Amino acid sequence: MKHIDEYRDGELIRPLVAELRQSLTRPVRLMEVCGTHTMAIFRSGIRSILPEAMEIVSGPGCPVCVTSASHMDAFIAMAEIPGVRVAIFGDLFRVPGSSGSLANAAARGAQVEVVYSPMDALELATRHPAELVVFLGVGFETTTPGIAATILAAAKDAVDNFCVFSTQKVIPGPLEALMQDPDLNINALLCPGHVSAIIGAGAYQPFADRGLACVVAGFEPADLLNGLIMLARQIAEGRPKVENLYPRVVSWEGNGRARAMVEEIFEPVDTEWRGLGFIERSGLAIRDKYGRYDALKRLDITIPASAEPKGCLCGEILKGKTIPPHCPLFGSRCTPANPVGPCMVSSEGTCAAYHKYGQET
Ligand code: SF4
């Protein structure tokens with residue numbers, strides 16, 4: 001296996017830029033479907049060297065960003081129930097709901113703890129036996145196995161004051177929905193690295209069968225440039241297929257053991273995505289067998305029908321229909337210090353990336 005520095009070495013990368021230009025004989029409009037790719041592409045400066053015939057748009061790959069305003073409001077309502085302590089990944093803390101964020105709820109006295117893993121939340125439950133600790137599950141296929149393992153551990157140790165509010169989602173559903181939109185005009189997918197470690201590169205075959213060039217890529221500059229070259233070549237040759245450029249992490253089949261554990265705990269449900277609305281079987285709910293660990297069954301919470309923040313274009317950005325500098329609030333009323341929408345809060349959000357690394361019009 002190569003040392004990671006080889007994927008960043010300028011001497012090795014410069015020829016790849018020339019190769020990308022040579023490979024691009026037809027226009028490519030590609031969607032990157034992973035928040036970590038969004039950031040990595042900006043951080044590496046790849047956008048600044050892109051040939052004009054290649055356009056990159058972000059898709060629905062940031063889990064915090066695609067969490068609906070309705071779910072955010074339900075999270076905040078849950079955090080304010082006396083005797084409840086919510087455990088969250090840090091990015092969620094400042095995401096605005098209809099009237100404030102979890103950070104505002106914490107300032108009013110709600111118990112909100114930032115954790116690094118669902119197991120940390122379970123540990124929190126053992127330290128606070130008089131409270132109900134609720135882990136807010138916001139993520140894709142990458143984080144779901146960890147939550148499933150935590151629920152199994154809670155069941156094994158009979159920890160009764162721990163549960164999960166699952167808004168976990170799966171990636172193929174929204175991709176399917178987006179690729180049916182003729183206005184979007186996407187002809188290539190830079191497929192996610194982390195999610196694919198679980199679902200496998202083979203999961204994108206149906207997209208290739210429908211004419212989309214697909215490459216699973218890692219996150220280093222050489223990974224990304226090679227991925228773009230492979231996509232450009234597939235389109236130039238008119239032979240769309242799935243290529244796996246990240247075999248050091250991703251196999252064709254994915255991680256069967258992780259998927260079996262997820263299958264034991266979760267079942268597919270229709271769920272709401274910010275900007276995309278409800279998508280059939282694109283969410284994961286906790287099975288009745290493990291209902292003791294389902295926050296929605298333990299607590300009297302209804303999910304409201306909340307509106308998106310006024311003027312915010314996150315929904316359109318998550319569909320690849322616009323870019324942050326076209327939002328009238330970008331950089332004025334909406335900044336990382338004072339975010340209006342989740343795409344400016346999340347460390348994987350497209351608005352945060354444009355704000356940090358520069359704007360394009
Ligand atoms: S700049 Fe702010 S308001 Fe505009 S789309 Fe992004 S997050 Fe929403």
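# Two parallel sheets and their helices

Q: How do β8 and β9 pair, and over how many bridges?
A: β8 and strand β9 (residues 242-244) run parallel and are joined by three bridges. Across that pairing, Val216 stands opposite Asn244 in β9. The chain gets from β8 to β9 through α12, and this β-α-β crossover is left-handed. Keep in mind that this is a predicted model.

Q: What sits on the other flank, between β7 and β8?
A: Strand β7 (residues 188-191) is joined to β8 by four bridges, and the two run parallel. Leu189 is the residue opposite Cys214 in β8.

Q: Which way do the β8 side chains point, and are they buried or exposed?
A: In strand β8 (residues 213-216), Ala213 and Val215 point one way, while Cys214 and Val216 point the other way. All of them are buried.

Q: What's the full strand order in that sheet?
A: The order is β2-β1-β7-β8-β9, an open sheet of five strands with parallel pairing. β2 and β9 each have a single partner strand, so one side of each is left without a neighbour in the sheet. From one strand to the next the twist averages 20°.

Q: And the β1 end, how many bridges there?
A: Five bridges pair strand β1 (residues 28-32) with β2 in the parallel sense. Met54 in β2 is the bridge partner of Val28.

Q: Where does α12 go relative to this sheet?
A: α12 packs on the sheet and touches β1, β2, β7, β8 and β9. The direction of α12 makes about 160° with that of β8.

Q: Staying with β2: why does Ile56 count as buried?
A: Ile56 has 21 C-beta neighbours inside 10 Å, and the cut-off for buried is 20 or more, so Ile56 counts as buried. Ile56 is found in strand β2 (residues 54-58).

Q: What is Ile56 in contact with, leaving aside neighbours within four places in sequence?
A: Ile56 is in contact with Leu30, Glu32, Ile41, Arg47 and Leu50.

Q: How far is Ile56 from Gly97?
A: Their C-alpha atoms are separated by 29 Å, and the two residues are 41 apart along the chain.

Q: Switching topic. What's the strand order in the four-stranded sheet?
A: That open sheet runs β4-β3-β5-β6, and the pairing is parallel. β4 and β6 are the edge strands, each pairing on one side only. Neighbouring strands are turned by 25° against each other on average, direction ignored.

Q: How many bridges between β3 and β5?
A: Four bridges, in the parallel sense. Arg85 stands opposite Val133 in β5. On this sheet packs α7, touching β3, β4, β5 and β6, and the direction of α7 makes about 170° with that of β5.

Q: Which residues of α7 are buried?
A: In helix α7 (residues 118-127) they are Pro118, Ala121, Leu122, Leu124 and Ala125. They cover an arc of only 155° around the axis, so they are on the same side of α7. Besides the four strands, the buried residues of α7 pack against α8 (144-156).

Q: Last one, the largest nonpolar core. Which residues touch the most other members?
A: Ala79, Val134, Leu189 and Leu231 do, in a core of 115 residues. Helix α12 (residues 221-237) contributes the largest share, eight residues.

Q: What does Ala79 touch, not counting residues up to four places away?
A: Ala79 touches Val84, Val86, Leu102, Ala105, Ala110 and Val112.

Notes:
Residues are numbered from 1 along each chain as its sequence is written. This is a predicted model: local features need pLDDT of at least 70, side-chain atom pairs count only at pLDDT 80 or more; totals for chains, interfaces and linings use all residues. A nonpolar core is a set of buried Ala, Val, Leu, Ile, Met, Phe, Trp, Tyr and Cys residues joined through C-beta atoms within 7 Å. A residue is buried if 20 or more other C-beta atoms lie within 10 Å of its own, exposed if 12 or fewer, and partly exposed in between; C-beta atoms are placed from the backbone. Two residues are in contact if their C-beta atoms, placed from the backbone, lie within 7 Å. Two strands pair if DSSP finds at least two bridges between them. A crossover is right-handed if, with the strands pointing away from the viewer, the path from the first strand over the helix to the second runs clockwise. The arc is that of the directions from the helix axis to the C-beta atoms. Axes are lines fitted to C-alpha atoms, for helices over the stretch in contact, and angles run from 0 to 180 degrees between N-to-C directions.
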